[in-house]
Amino acid sequence: MSRSDQHRVGRVERTTKETSVKVEIDLDGTGKTDISTGVGFYDHMLDQLGRHGFFDLTVKTDGDLHIDTHHTIEDTSLALGAAFKQALGDKVGIRRFADASVPLDESLAQVTVDLSGRPYLVHTEPEGMAPMIGSYDTTMTRHILESFVAQAQVALHVHVPYGRNAHHIVEAQFKALARALRYASELDPRAAGIIPSTKGAL
Ligand SMILES: [Mn+2]
């Protein structure tokens, strides 16, 4: 098999008393998704992540929604981060750094990522967003990003300098995140066989 035929896949199953999560991600996919967490808007966001990242993404979460959506969303994000890291493997030949800006009508999201091996999140959003989108608590967006970053071990900067509609503000972030993760994880034809770090490891 040539290098370009190899699919980088991560699979994580995580079960606690609060949730049971299964995530599978193929970084070299076509954007095919199969998402079911029981939180409609979060499913919509993970669908964006797969589609616009060109990742094949399967997510099945069975969580304690009788309490609220918090554990379900958090644990899914942790598993997604772990699966992403696993799929990246030794990071040989990746681009490593990327940024993407995505508008959604009146809202703009700007995402910059370094697949550095070190977790760090910087996140800003407009003040005064609507608190809920369906059953999705809009304060969870930052927590999703924190959870993903902690497990994926990446440096991630996500900014929404302006926007009004909460659905647009959150969705623009997931689309920009998808694009940035796609470009950063893609194989750089000029870096075949090379780990893009002066340390020799990421
Ligand atoms: Mn939408």
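Which residues in α1 meet which residues in α4? In this predicted model, F41, H44, M45, Q48, L49, H52 and G53 in α1 meet H167, V170, E171, F174, K175, L177, A178, R179, L181 and R182 in α4. Three residues named in that contact also hold a metal: H44, H167 and E171 are the protein donors of the manganese ion. The briefing below begins with this site, then turns to the helix pairs, and ends with selected residues in helices, strands and loops.

**The manganese site**

- The manganese ion has H44 (NE2), H167 (NE2) and E171 (OE) as its protein donors, and these lie 2.0 to 2.2 Å from the ion.
- Along the chain, the donors follow the spacing H-x122-H-x3-E.
- Helix α4, which spans residues 166–185, holds both H167 and E171. These two residues are 4 residues apart, about one turn of the helix.
- H167 has a relative accessible area of 28% and is partly exposed, whereas E171 counts as buried at 7% relative accessibility.

**Helices α1 and α4**

- The angle at which α1 and α4 pack is about 30°, and their axes are 8 Å apart. That angle makes α1 roughly parallel to α4.
- The crossing in which α1 passes α4 is right-handed.
- By class, the residues of the contact of α1 with α4 comprise 8 nonpolar, 5 polar and 4 charged.

**Helices α1 and α2**

- Helix α1 covers residues 40–53 and helix α2 covers residues 70–88; they pack at an angle of about 15°, with axes 12 Å apart. With this angle, α1 is roughly parallel to α2.
- Here, too, a handedness is assigned: α1 passes α2 in a right-handed crossing.
- On the α1 side, the contact is formed by Y42, L46 and L49, which meet I73, T76, S77 and L80 in α2.
- This contact of α1 with α2 has 5 nonpolar residues, 2 polar residues and no charged residues.
- L49 is listed in the contact of α1 with α2 and is also listed in the contact of α1 with α4.

**Helices α2 and α3**

- For α2 and α3, the packing angle is about 35° and the axes are 7 Å apart.
- The crossing of α2 past α3 is right-handed.
- From α2, the residues H70, I73, E74, S77, L78, L80, G81, A82, F84 and K85 meet M140, H143, I144, S147, F148, Q151 and A152 in α3.
- The residues of this contact of α2 with α3 divide into 9 nonpolar, 6 polar and 2 charged.
- I73, S77 and L80 appear in the contact of α2 with α3, and they are also among the α2 residues that meet α1.

**S147 in helix α3**

- S147 is placed in helix α3, which runs over residues 140–152.
- With a relative accessible area of 3%, S147 is buried.
- Apart from neighbours within four places in sequence, S147 is in contact with E74, S77 and L78. E74, S77 and L78 are among the α2 residues that meet α3.

**Y162 and G163**

- Y162 is found in strand β10, residues 155–162, while G163 lies in the loop between β10 and α4.
- Y162 counts as partly exposed at 48% relative accessibility, and G163 is partly exposed with a relative accessible area of 22%.
- Y162 and S107 are 55 residues apart along the chain, yet their C-alpha atoms are separated by 5.7 Å.
- G163 and L104 are 59 residues apart along the chain, with their C-alpha atoms separated by 8.7 Å.
- Leaving aside neighbours within four places in sequence, Y162 is in contact with E106, S107, L108 and P126. On the same basis, G163 is in contact with E106, S107, P126 and I169.

**Loop residues with positive phi**

- Most residues other than glycine have a negative phi.
- R96 has a phi near 75°, a positive value in a residue other than glycine. R96 is in the loop between α2 and β5 (97–104), and is buried, with a relative accessible area of 12%.
- D105 likewise has a positive phi, near 50°, and is a residue other than glycine. D105 is in the loop between β5 and β6 (107–114), and counts as exposed at 65% relative accessibility.

Terms used
Residues are numbered from 1 along each chain as its sequence is written. This is a predicted model: local features need pLDDT of at least 70, side-chain atom pairs count only at pLDDT 80 or more; totals for chains, interfaces and linings use all residues. Side-chain values use heavy atoms; hydrogens and water are left out. Axes are lines fitted to C-alpha atoms, for helices over the stretch in contact, and angles run from 0 to 180 degrees between N-to-C directions. Angles under 35 degrees count as roughly parallel, over 145 as roughly antiparallel, 65 to 115 as roughly perpendicular and the rest as oblique. A crossing is left-handed if the near helix is turned anticlockwise from the far one by less than a right angle, and right-handed if clockwise. Contact means heavy atoms within 4.5 Å. Ala, Val, Leu, Ile, Met, Phe, Trp, Tyr, Cys and Pro count as nonpolar, Asp, Glu, Lys and Arg as charged, and the others, Gly among them, as polar. Donors are N, O and S atoms within 2.8 Å of the metal (3.2 Å for Na, K and Ca); water is not among the atoms, so sites may look incomplete. Buried means under 20% relative accessible area, exposed over 50%, partly exposed in between (1.4 Å probe, protein chains only).
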